[in-house]
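Okay, thanks for squeezing me in. Let me put the model up, and then we'll walk through a few spots in it.

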Amino acid sequence: INQTSIMQFILLGFGNVPELQVLLFLLFLVIYIMTMAGNILIIALVVADQHLNTPMYFFLGNLSCLETFTVPKMLVNFLSDNRSISYMGCVAQMYFLLFLGISECFLLAAMAYDRYVAICNPLRYRLIMNRRVCLSLTILSWFWGNVVSLVQTAWVFTLPFCGSNQINYFFCDIPPLIKLSCIDIPLYEMQLFTAAILVIFTPFSLIVVSYTFIISTILKMASAEGRHKAFSTCSSHLIVVTLYYGSCGLIYLRPKSIHLLDTNKVLALIYTTITPTLNPFIYSLRNKEVKEALRRLLGDRMKRKIFSHRM
């Protein structure tokens, strides 16, 4: 079978455990609702509260916006016997998921640079991280996400597919589709590995460099309270970076990852569903400013309700 004869693909997902489909649907539905609610709340707080009108929360709002649009098709597949996705639907799904994921990689690097400036150059922070710089870093993150996802999606769907059209995954991704193609897999494995190094390792290297300077600066602080305060402003970001880059790296930065699709499915769950769900809790429960903004928002609503009842 050549590429043009395949009109649709079958997403196998977790179909090998049919007795757990309803339970998995309910579990991931709850996770998705929590993700939507948490990230929309973060966006609302950043927009509504002037105290959060800072570069860090500007980037956090954009990060939450990216994660709000991550909607895995597996929710539908859990309760459906028809797990098919059209050829063009698969193209679109791969593009959008790659776009959101790659944009997040670069946005996390921008957030690391923001923390570097805040801790290592606090007196010049407002001057360096002005509105134009923040907007430029965000646009660049979205731009590179768009460019790389277009190139990678176009590259994958020019491959000749032969044989089975069953994708052993819960969404259209590069490794499982390469495995369906009738080409020299080792050669394309190395091309995927090289592309992943450029896309994942480059922003991650910037994060590592930023935190090397940050940690060095924190250790030189005389006050223990100052060190604790400085580190607490970075800890939430570090947790998110570890979860996100850890799972992505294990999928895309292993030359033989194409042959480990069952393991990759579990890892992909971390960066497509678990990390977006944890982000709002990590940033809000560990952050005094976000909690205070939430109290102010709830307090204002209560005051308006009391005032309206009195009227």
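Let's begin at the start of helix 6, where a side-chain oxygen of Asn130 comes to within 3.1 Å of the backbone nitrogen of Arg132. I'd call that a polar contact, meaning a pair of N or O atoms within 3.5 Å; within protein, one must be able to donate a hydrogen and the other to accept it, and residues adjacent in sequence count only if both atoms are side-chain atoms. Helices here are DSSP runs of H or I with at least four residues, strands are runs of E with at least two, and both are numbered from the N terminus.

Quick housekeeping. This is a predicted model, so local features need pLDDT of at least 70 and side-chain atom pairs count only at pLDDT 80 or more, while totals for chains, interfaces and linings use all residues. Residues are numbered from 1 along each chain as its sequence is written, and side-chain values use heavy atoms, with hydrogens and water left out.

Back to helix 6. It has 26 residues and runs 38 Å from its first C-alpha to its last, close to the 38 Å expected at 1.5 Å a residue. (The expected span is 1.5 Å times one less than the number of residues.) Its buried residues include Cys134, Gly145 and Trp155; buried means under 20% relative accessible area, exposed over 50%, partly exposed in between, with a 1.4 Å probe and protein chains only.

Zooming out, the protein has 11 helices and three strands. Of its 311 residues, 47% count as buried. Take contacts, meaning heavy atoms within 4.5 Å: among those between residues at least 6 apart in sequence, 78% join residues at least 24 apart. For a long-range pair, look at Thr273 in helix 10: its C-alpha is 7.9 Å from that of Thr35, and the two are 238 residues apart along the chain. Thr273 is also buried, at 7% relative accessible area.

Now helix 4. Its 34 residues should span 50 Å at 1.5 Å a residue, and the end C-alpha atoms are indeed 50 Å apart. Because 25 of those 34 residues are buried, helix 4 is largely enclosed by the rest of the structure.

Two charged side chains there caught my eye. Arg115 sits in helix 4, and so does Asp114. Are they buried or exposed? Arg115 counts as buried because its relative accessibility is 9%, and Asp114 is buried too, at 0%. Their side chains are joined by a polar contact of 2.9 Å. Setting aside neighbours within four places in sequence, Asp114 touches Pro55, Met56, Phe59, Tyr125 and Met129. With residues up to four places away left out, the contacts of Arg115 include Met56, Tyr125 and Tyr211.

Last stop, the empty space. How many cavities of 30 Å³ or more does a search of the whole structure find? Three. A cavity is a set of points on a 1 Å grid over the protein atoms alone where a 1.4 Å probe fits but cannot get out, and lining residues have an atom within 4 Å of a point. Points are joined across faces, edges and corners, and a volume is the space filled by probe spheres set on them.

The largest cavity holds about 350 Å³. It is lined by 26 residues, with Leu97, Leu98, Gly101, Ile102 and Tyr252 closest to its centre. Helix 4 gives the most to that lining, with seven residues.

Notes: On a 1 Å grid over the protein atoms alone, a cavity is a set of points where a 1.4 Å probe fits but cannot get out, and a pocket is an open set with protein on both sides within 12 Å along at least five of seven lines; lining residues have an atom within 4 Å of a point.
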